[in-house]
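This briefing introduces the structure shown below to someone meeting it for the first time. It takes up a helix, two of its residues and a sheet in turn.

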Amino acid sequence: MAEVEATPGRPRLYSYWRSSCSHRARIALNLKGVDYEYKAVNLLKGEQSDPEFLKLNPMKFVPALVDDGAVIGDSYAIALASIEILAFYLEDKYPDPPLLPQDPKRKALNHQIANIVSSGIQPLHNLSVLRFIEQKIGAGESVLWTQQQIERGFTAIENLIQLKDCAGKYATGDEVQLADVFLAPQIYAAIERTKIDMSNYPTLARLHAEYMAHPAFQAALPAKQPDAPSST
């Protein structure tokens, strides 16, 4: 870890290449055309416990964004709005293109999908949880746990999108919005790391293909980050 202060006028994103939460933040920043510095935080080496990083996020989580003196240490806050932390940060600071539609029902749906990912899927299989399972239950048990949490969440989202009949090119219409920012990293990780059978989720599988073809999503992919191992 190095200095906390970002280059004046240029945001700095503290990120780990494989973190799906960091992945979300990178997508959101790319979509809004924000030129930012990338500062790697190696979670496997414990750099999130570095005293300098603790000043940014006492919870020791990535991502963290330093922008004009503001420090936002949560991917929901960075991407749009953390109910707990900071409301509408990127939408206020970088309003174009918007991540939320004007229609109240579609706006609520975007929040709902994002919340399923950020509260009902990803935290249940983050690194600290998986390490705890391996230590307390046994080697290999974390894989089954992860698959179960992802499949449960994907079933809910697949059914929700079909029930609302809202999907267009993307999850809630023909424009990329908040739901897509949260879905893309979770689907990518499910396919690449957890080997989830996406044939059970045809809508999400189709959305994944759209995300992989979008420049902002492509640039945010884990393997394209400066701290990604060369073997990726």
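A polar contact here is a pair of N or O atoms within 3.5 Å, and within protein one of the two must be able to donate a hydrogen and the other to accept it. By that criterion, a polar atom of the Asn110 side chain makes such a contact with the backbone nitrogen of Ala179, at 2.9 Å. The model is a predicted one, and the points below begin with the helix in which Asn110 is placed, α5.

**Helix α5**

- Helix α5 covers residues 104-121, which makes 18 residues, and it spans 25 Å from its first C-alpha to its last, close to the 26 Å expected at 1.5 Å a residue.
- The helix has a kink of about 25 degrees, and this kink is centred on Asn115.
- At the start of α5, a side-chain oxygen of Asp103 comes to within 3.2 Å of the backbone nitrogen of Lys105.
- The buried residues of this helix are Leu109, Asn110, Ile113, Ala114, Ile116, Val117, Ser118 and Ile121.

**Two buried residues of α5**

- Asn110 counts as buried because its relative accessibility is 0%, where the cut-off for buried is under 20%.
- Once neighbours within four places in sequence are left aside, the residues in contact with Asn110 are Leu99, Leu100, Pro101, Thr172, Gln177, Leu178 and Ala179.
- Ala114, which also has its place in helix α5, is buried with a relative accessible area of 0%.
- Although Ala114 and Phe182 are 68 residues apart in sequence, their C-alpha atoms are 5.5 Å apart in space.

**The sheet and helix α1**

- An open sheet is formed by four strands in the order β2-β1-β3-β4, and the pairing within this sheet is mixed.
- Its edge strands are β2 (37-40) and β4 (70-72), each of which pairs on one side only.
- With direction ignored, neighbouring strands of the sheet are turned by 20 degrees against each other on average.
- Strand β1, made up of residues 12-15, pairs with β2 in the parallel sense over four bridges, and Tyr14 stands opposite Lys39 in β2.
- Helix α1 (residues 20-31) packs on this sheet and touches β1, β2 and β3 (64-67), while the direction of α1 makes about 155 degrees with that of β1.

Key:
Residues are numbered from 1 along each chain as its sequence is written. This is a predicted model: local features need pLDDT of at least 70, side-chain atom pairs count only at pLDDT 80 or more; totals for chains, interfaces and linings use all residues. Side-chain values use heavy atoms; hydrogens and water are left out. Helices (H or I, at least four residues) and strands (E, at least two) are DSSP runs, numbered from the N terminus. The expected span of a helix is 1.5 Å times one less than its number of residues. The bend at a residue is the angle between axes fitted to the seven residues ending there and the seven starting there. Buried means under 20% relative accessible area, exposed over 50%, partly exposed in between (1.4 Å probe, protein chains only). Two strands pair if DSSP finds at least two bridges between them. Axes are lines fitted to C-alpha atoms, for helices over the stretch in contact, and angles run from 0 to 180 degrees between N-to-C directions. Contact means heavy atoms within 4.5 Å.
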